[in-house]
Structure formats: C-alpha cells, structure tokens
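Reader: I'd like to learn how to read this model. Could you walk me through it?

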Amino acid sequence: MADELTIPGQEPLAAQLRAAAGAGRLGQAVILSGRGDLLRCARFAAAAMECQGETPPCGVCPACRKVLRDIHPDVVTVRDPDHKSIAIEVLRAVRSDAYILPNEGKRKVYIFPDCALLDPKGQNVLLKVLEDGPPHAAFLFCAESAALLLPTIRSRSVEWRLAPPAEALAAGDPEARRLCELLCGGRAADLAAFCAGLENSKIDREALSRLLSDARDVLCAALALSCGAGGGDDPLAARLAGSLDRRRLSALADVLGGFIRQCGYNVGVGHLTGALAVALAP
Ligand SMILES: [Zn+2]
C-alpha cells in the first residue's frame with residue numbers, strides 16, 4: 001500500500017483535515033493559521049475537497065495530482081502581483097466566477113495564500129459569496145494570524161491552526177527573545193517602540209500571550225541563574241542575569257505574568273501593548 005498523503009511537519013493537522021474531509025465537514029470557508037507552509041496545507045485541504053479516491057486526499061488520483069501540482073482548473077490560487085493588496089476587481093471576478101459550476105472537479109476552490117494582502121474592503125467583497133454563495137464554492141484563507149480577517153469572515157469560517165515549528169518551540173518565539181534583549185538594554189524608548197511594533201503587526205491576544213510566556217520563561221531562567229540555582233544554558237538568560245539584579249528580574253517576571261493573564265480576557269491588544277510599554281519601562 002502506498003504511503004498516505006500527509007503534510008511534512010504537520011502530520012496531526014493533516015490527520016484532522018483528512019478526518020473532517022472524510023466526514024464531509026471541511027466546510028465552505030476555511031482559515032489555515034499559524035507559521036509555516038500555509039499554502040501547502042491549503043493545497044492538501046483543496047486536494048481533500050477534489051479527491052476522487054476513497055480516503056481523501058489520496059494523493060494519487062488525477063484530481064489530487066492536479067491540485068498538488070497547482071494545475072487543477074477548479075482550484076484557483078488568488079494572487080495579484082501588480083498591487084500591494086489584492087485589487088477589488090480581482091476579488092469581484094472571483095466572486096462572479098464562484099457561481100459558475102466547476103469544470104471537472106467536485107468544487108470550485110479559491111486559495112488566498114496570504115491574507116495580509118486582503119484588505120478589509122476586499123474582504124467585504126468576498127463576504128457576500130461566503131454568506132450565500134453556491135455550495136460548490138470553497139474558500140481557503142491562509143493567514144499567519146486569523147486576526148487578519150474581519151470578524152464577519154471569521155465567524156463564517158472554520159479555523160485550523162498549524163502546530164508551531166519544532167525549532168521555534170526549542171528556541172522560543174524570536175520576538176520574545178528580542179523583548180528579552182531589549183530588557184537587558186533597559187532603554188524605555190526601545191521597549192516602547194517594540195510594544196508599538198507588536199500592535200502594528202496586528203498580533204492577536206493568543207499570540208501575544210505565547211510571546212509573553214516565552215519571554216517570561218527566559219526571565220525565570222535568568223532569575224534561577226542569579227540565585228545560583230542552575231537555570232539551563234540559554235546565553236540570553238545569562239545576559240539578563242548579568243544585566244539586571246534579582247529584584248528587577250523578579251518584578252519583570254511578575255509584570256509579564258499579569259499581562260499573560262490579561263490576554264485571557266476580552267481586552268484590546270492595543271490597550272495591552274500600550275500598558276505593557278509603560279509597565280516594562282525601567
Ligand atoms: Zn485523490
């Protein structure tokens with residue numbers, strides 16, 4: 001028996017998508033979020049929608065092979081390389097095309113490889129077809145964070161998250177490490193700029209919470225080092241322990257803990273990052 005088609009590094013997600021496809025629960029609007037090869041995951045989901053085999057996506061039937069090679073006539077990757085955001089005309093064309101029956105496939109699938117390129121106006125153009133488009137049309141939105149999409153789109157979509165890459169888990173969020181470096185430097189202006197940058201990056205509360213947790217882990221390792229209690233071999237923790245005294249490390253870990261809890265409440269990210277800049281200032 002041939003190996004089952006999967007997504008390298010995202011096997012659990014592939015298994016979940018396969019189960020949903022098998023049960024006919026893949027839905028009309030799907031958000032694939034997180035960091036990693038979102039387009040590959042979207043192609044996997046599209047193949048599951050078009051597959052003619054018994055265990056979609058089989059990866060070997062003509063439909064699967066065409067989707068995976070990006071030559072299936074009913075699976076469209078929506079791009080607009082001439083503009084910064086995908087132009088309204090392009091999206092209107094998608095909207096009209098969605099009502100036309102598929103050429104050869106079971107469904108018409110539209111993949112948006114990067115929702116950072118879909119501005120709110122463009123998303124509103126798609127909203128109508130998401131609300132009452134034909135059942136054969138499906139939309140796959142790839143977004144590092146689902147927060148890039150309007151709440152009206154999100155509420156009509158099923159979100160599937162990629163597992164974070166293994167190396168990111170080992171090393172911690174790069175933004176968290178950047179925050180720790182700035183804490184070593186102790187310049188209020190740098191910390192304020194970092195927090196403003198977080199807000200501008202449209203980070204959602206969940207990602208902010210992860211970032212702060214990773215930073216707090218490094219602070220706790222630094223605190224353990226400065227108490228002579230080991231603390232691992234992270235050079236960044238050693239730098240923190242060398243730059244800040246125990247009282248300050250402990251206070252910072254407390255501050256981050258407070259903000260991690262607040263990320264669990266319905267508080268605006270802009271409010272959180274603004275307050276964080278104030279709370280972290282030396
Ligand atoms: Zn197939």
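Reader: How do α1 and α2 run relative to each other, roughly parallel or roughly antiparallel?

Author: Angles under 35 degrees count as roughly parallel, over 145 as roughly antiparallel, 65 to 115 as roughly perpendicular and the rest as oblique. Axes are lines fitted to C-alpha atoms, for helices over the stretch in contact, and angles run from 0 to 180 degrees between N-to-C directions. Here the axes of α1 (residues 11–22) and α2 (residues 38–50) come within 10 Å and cross at roughly 25°, so the two are roughly parallel. Helices are DSSP runs (H or I, at least four residues), strands likewise (E, at least two), numbered from the N terminus. Bear in mind that this is a predicted model: local features need pLDDT of at least 70, side-chain atom pairs count only at pLDDT 80 or more, and totals for chains, interfaces and linings use all residues. Residues are numbered from 1 along each chain as its sequence is written, and side-chain values use heavy atoms, with hydrogens and water left out.

Reader: Which residues of α1 and α2 meet?

Author: Contact means heavy atoms within 4.5 Å. Leu13, Ala14, Leu17, Arg18 and Ala21 in α1 touch Cys41, Phe44, Ala45 and Ala48 in α2.

Reader: And what about odd backbone spots?

Author: Most residues other than glycine have a negative phi, and most peptide bonds are trans. In this model, the bond from Pro56 to Pro57 is cis, with omega near -5°, and Pro57 sits in the loop between α2 and α3. Asp70, in the loop between α3 and β2 (75–77), has a positive phi near 60°.
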